[in-house]
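Biologist: I'm a first-year student, and I'd love a close look at one small part of this protein. Could you walk me through it slowly and explain the terms as you go?

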Amino acid sequence: RLAAGGRPGPGRVLVVVTARAELFDDRPGWGSIALNQVCVRLEPLPDGEAAELARQAGGRLDDDQRRTIVGRAGGNPFFALEIGNAILRSRDPLALEAVEAELPIPPSLQQLVGERLSLLSASARHAAQVAAALSRPTLALSDSVTGERQGIAEAAAAGIVEVDGERVRFAHPLLASVAYAQLPPERRRELH
């Protein structure tokens, strides 16, 4: 319940926070905030399910290549999809002849998403960055900042953002996070 002025009224507030486990493993005390808390550790996607996801993302890849994707993704379903898509975007995805072949992808999901964003035109990348800086991006607001509609349309066609009526949202939160991180600090301030 919100009291006058939009502030929480009497009662309980639930806050849900997510973080990668390795961020907390070596920091004593981070998990011991003096509140009622429930910690749920999500396990990696099982290999069989990750292989099926890789199969869906990379239909033209063979079983050895899919197993390599599963191993590289470490149970992260979005990473498995992005790896499969990165291979399919490469010039010759069937050139990977053995499991030992080096996959044409960076070792981190954040870097992989950054490379995916770098494939966009300057206009589409700018539109994605603008949307990432806005708390509630809309087509009208994006148009007013970028001066055109083509960039957001290209970002949508590339699967970076989704347009629902007037509303713009990212296909995955990491896409927004990386697009925002690519903005220089002075440009972030200007957009805000």
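With which residue does the side chain of E162 meet in a salt bridge, N to O at 3.7 Å? Please start there and then show me what lies around that part.

Modeller: Happy to! The partner is R169: its side chain and that of E162 meet in a salt bridge, 3.7 Å from N to O. By salt bridge I mean a side-chain nitrogen of Lys or Arg within 4 Å of a carboxyl oxygen of Asp or Glu.

A word on the model first. It is predicted, so local features need pLDDT of at least 70 and side-chain atom pairs count only at pLDDT 80 or more, while totals for chains, interfaces and linings use all residues. Residues are numbered from 1 along each chain as its sequence is written, and side-chain values use heavy atoms, with hydrogens and water left out.

Back to R169, which also meets the side chain of D164 in a salt bridge, here at 3.6 Å from N to O. E162, D164 and R169 are thus linked in a network of salt bridges. How open are these residues? R169 has 30% relative accessibility and counts as partly exposed; E162 is partly exposed too, with a relative accessible area of 40%, and D164, at 46%, also counts as partly exposed. Here buried means under 20% relative accessible area, exposed means over 50%, and partly exposed is in between, with a 1.4 Å probe and protein chains only.

Now step back to the whole protein. Its secondary structure comes to 10 helices and 2 strands, where helices (H or I, at least four residues) and strands (E, at least two) are DSSP runs numbered from the N terminus. Along the sequence the pattern reads α-α-α-α-α-α-α-α-β-β-α-α. Of the 192 residues, 32% count as buried.

The strands, β1 (161-164) and β2 (167-170), lead us to helix α8, because they are among the elements that cover its buried residues; α6 and α7 (139-146) are included as well. In α8 (residues 150-157), the buried residues are G151, I152 and A155. Seen down the axis of α8, these fall within an arc of 95°, so they line one face of the helix. That arc is taken from the directions from the helix axis to the C-beta atoms. On the other side of α8, Q150 and A157 are exposed. Just after the helix, G159 takes a positive phi of about 80°.

Before α8, in the loop between α7 and α8, you can find R149. R149 is partly exposed, with a relative accessible area of 41%, and its side chain meets that of D143 in a salt bridge of 2.4 Å, N to O. Apart from neighbours within four places in sequence, R149 is in contact (heavy atoms within 4.5 Å) with L139 and D143. R149 and A127 are 22 residues apart in sequence, with 8.6 Å between their C-alpha atoms.

Next comes helix α6 itself. Two packed helices are described by the angle between their axes and the distance between the axes. The axes of α6 and α8 come within 7 Å and cross at roughly 85°. Axes are lines fitted to C-alpha atoms, for helices over the stretch in contact, and angles run from 0 to 180 degrees between N-to-C directions. α6 and α8 are therefore roughly perpendicular, the word for 65 to 115 degrees; under 35 is roughly parallel, over 145 roughly antiparallel, and the rest oblique. S123, A124 and A127 of α6 make the contact with Q150, G151, I152, E154 and A155 of α8. By class, that contact has 4 nonpolar, 3 polar and 1 charged residues. Ala, Val, Leu, Ile, Met, Phe, Trp, Tyr, Cys and Pro count as nonpolar, Asp, Glu, Lys and Arg as charged, and the others, Gly among them, as polar.

Helix α6 (residues 122-133) also packs with helix α9 (residues 173-181), at about 105° with the axes 8 Å apart. That makes α6 and α9 roughly perpendicular to each other. From α6, A128, Q129, A132 and A133 take part, and from α9, A176, A179 and Y180. This contact has 6 nonpolar residues, 1 polar and no charged ones.
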